[in-house]
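Biologist: I've got a two-chain model open and would like to learn how to read it feature by feature. Could you walk me through it?

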Amino acid sequence: MAKTIVQEFTKGLWEEIPPFRLVLGLCPVLAVTKTVANGVGMGVAATFVLVCSNILVSMLRKSIPSQVRVPCFIIIIATFVVVVELVMQAVAYPLFLQLGIFIPLIVVNCIILGRAEAFASKNPLPASIADGLGIGVGFTIALGALAGIREAFGAGTISVPFSDTVIQLFGPSFQPFTFMVEAPGAFVCLGLVLALMNLAGK
Amino acid sequence: MGDFILLAISAILVNNILLIQYLGNCPFLGTSKKMETATGMAMAVVFVLALAGIVTWIFEAVFLKPLGLEYIRTIVFIVVIAALVQFVEIFLKKNIPALYAGLGIFLPLITTNCAVMGVCLINIKEEYNFLEMLVSSIAYPAGFGLALILFAGLRERIIIGRVPGPLQDVSIALVTAGFMSLSFLGFKGMI
């Protein structure tokens, strides 16, 4: 049993890492990866919602009638999103302002609903927690990595998550490649990272 | 009147919801492989979003704001949108079967389309009045439809071409979307 729980956790880190292997939940991936701090902040918020909704869905899986399961999942997820919204306003207000409408939009992130539907509603509690954590951590790593590429080229900096420090990567003569931090750079960058993942996977 | 035209142009081109604001990308990639599905999805989004914008705006003005319940907006909006989509589905099935045949399969997907929820939230965040909200709830999905249908046209051509192995499917689609987004970025100087 212990082995399978470890497997449930690790599959989220490579085999099924969102958004590269599971191409879901692209909106936050594209929108908040301008800086590493925003990307990781979003990842942590999504992980919290994912783990909590997986726990509740898994515990209630026998009492939720299957005809109305999707509305039930959505309400469970929405509740935790409100929790995240309120907590973030209290402890990380600048980050809350930066992420803007993408915090309430976690509620329509298909990764979370997808895990509730595909995994937590069919599996016992420990496995569901491991699955939620694995996918969440994978999502955070993916967001951080993508944001790292975009911020390094687009602004020449790396901002450290959960602090105000910003590391300058290049010397003063560096000209930022602003294409990367604008909308088109997000699409192209994600497309190319996806291609690299495909290359590595084969 | 000029303000409304400006708002509409800004919502359709300058702040295009798919390519500039990055909302609704899952259906953007999911339904753009064929022109028919892209058109169906675009129509369904326009239809539902116009209704959802009105209903959520009224909910905000009548219940949430006077009662000081703004902090549960997320729950209320998602429930309202889900219920509305269900209602539209039942209504169309019963009364307008021709339209249902075209839009039916796309309707359940719309509940989790972040473009719908996103525009409802933008309407509140920008503190639009009723008429401005109406313009934005029609113009944003129009921009969504425009981008989606143009993109489906491009994607149909890409499938015929020879794409390098690792870039196939979603990867090349995202790069294409990037260049489309670049051209939409050119509208920035318009307003």
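Modeller: Sure, and keep in mind that this is a predicted model. Let's begin with a single residue: B:Tyr22 counts as buried because it has 26 C-beta neighbours inside 10 Å, and the cut-off for that label is 20 or more.

Biologist: Where is B:Tyr22 found, and what is its phi near?

Modeller: B:Tyr22 is found in the loop between α1 and α2 of chain B. Its phi is near 55°, a positive value in a residue other than glycine. There's another such case, B:Asp169, with phi near 60°. B:Asp169 lies in the loop between α8 and α9 of chain B.

Biologist: And why does B:Asp169 count as partly exposed?

Modeller: Count the neighbours again: B:Asp169 has 16 C-beta neighbours inside 10 Å, so it counts as partly exposed. That label covers the values between exposed, at 12 or fewer, and buried, at 20 or more.

Biologist: Next, helices. How do I read which side of a helix faces inward?

Modeller: Start with the general idea: an α-helix has 3.6 residues a turn, so residues three or four places apart point the same way. Then list the buried residues. In α1 of chain B, residues 2-14, these are B:Ala11, B:Ile12 and B:Leu13. They cover an arc of only 165° around the axis, which means they sit on the same side of α1(B). On the face turned away from that side you'll find the exposed B:Gly2 and B:Asp3.

Biologist: What do the buried residues of α1(B) pack against?

Modeller: Their partners are α8 (130-160) and α9 of chain B.

Biologist: Let's try one in chain A. How many residues does α4(A) have, and how far does it reach?

Modeller: α4(A) spans residues 69-91, 23 residues in all, and reaches 33 Å from its first C-alpha to its last. That's close to the 33 Å expected at 1.5 Å a residue. Its buried residues include A:Phe73, A:Ile77, A:Phe80, A:Val84 and A:Glu85. The buried residues of α4(A) pack against α3 (36-59) and α6 (110-120) of chain A, together with α4 of chain B.

Biologist: So there's a partner in the other chain. How many residues does each chain give to the contact?

Modeller: Chain B gives 35 residues and chain A gives 35 residues. On the chain B side, the elements giving two or more residues are α2 (25-30), α4 (73-95), α7 (114-125) and α9 (170-185). The largest share, 11 residues, comes from α9(B). By type, that side of chain B divides into 26 nonpolar, eight polar and one charged.

Biologist: Zooming out, what's the layout of each chain?

Modeller: Chain A has eight helices and two strands, and its elements run α-α-α-α-α-α-α-β-β-α from the N terminus on. Chain B has nine helices and zero strands.

Biologist: And how do I judge the overall packing?

Modeller: Set the radius of gyration beside the value for a compact globule. For the 202 residues of chain A that value would be near 17 Å, and chain A has 18 Å, which agrees. For the 191 residues of chain B it would be near 16 Å, and chain B has 17 Å, which agrees too. As for burial, 50% of the residues of chain A count as buried, and 42% of those in chain B do.

Biologist: What about contacts between residues far apart in sequence?

Modeller: Among contacts in chain B between residues at least 6 apart in sequence, 79% join residues at least 24 apart.

Note on methods: Residues are numbered from 1 along each chain as its sequence is written. Chains are lettered from A and ligands numbered from 1 in the order in which they are written. This is a predicted model: local features need pLDDT of at least 70, side-chain atom pairs count only at pLDDT 80 or more; totals for chains, interfaces and linings use all residues. Two residues are in contact if their C-beta atoms, placed from the backbone, lie within 7 Å. Helices (H or I, at least four residues) and strands (E, at least two) are DSSP runs, numbered from the N terminus. Ala, Val, Leu, Ile, Met, Phe, Trp, Tyr, Cys and Pro count as nonpolar, Asp, Glu, Lys and Arg as charged, and the others, Gly among them, as polar. The arc is that of the directions from the helix axis to the C-beta atoms. The expected span of a helix is 1.5 Å times one less than its number of residues. The radius of gyration is taken over C-alpha atoms; the globule rule is 2.2 Å times the number of residues to the power 0.38.
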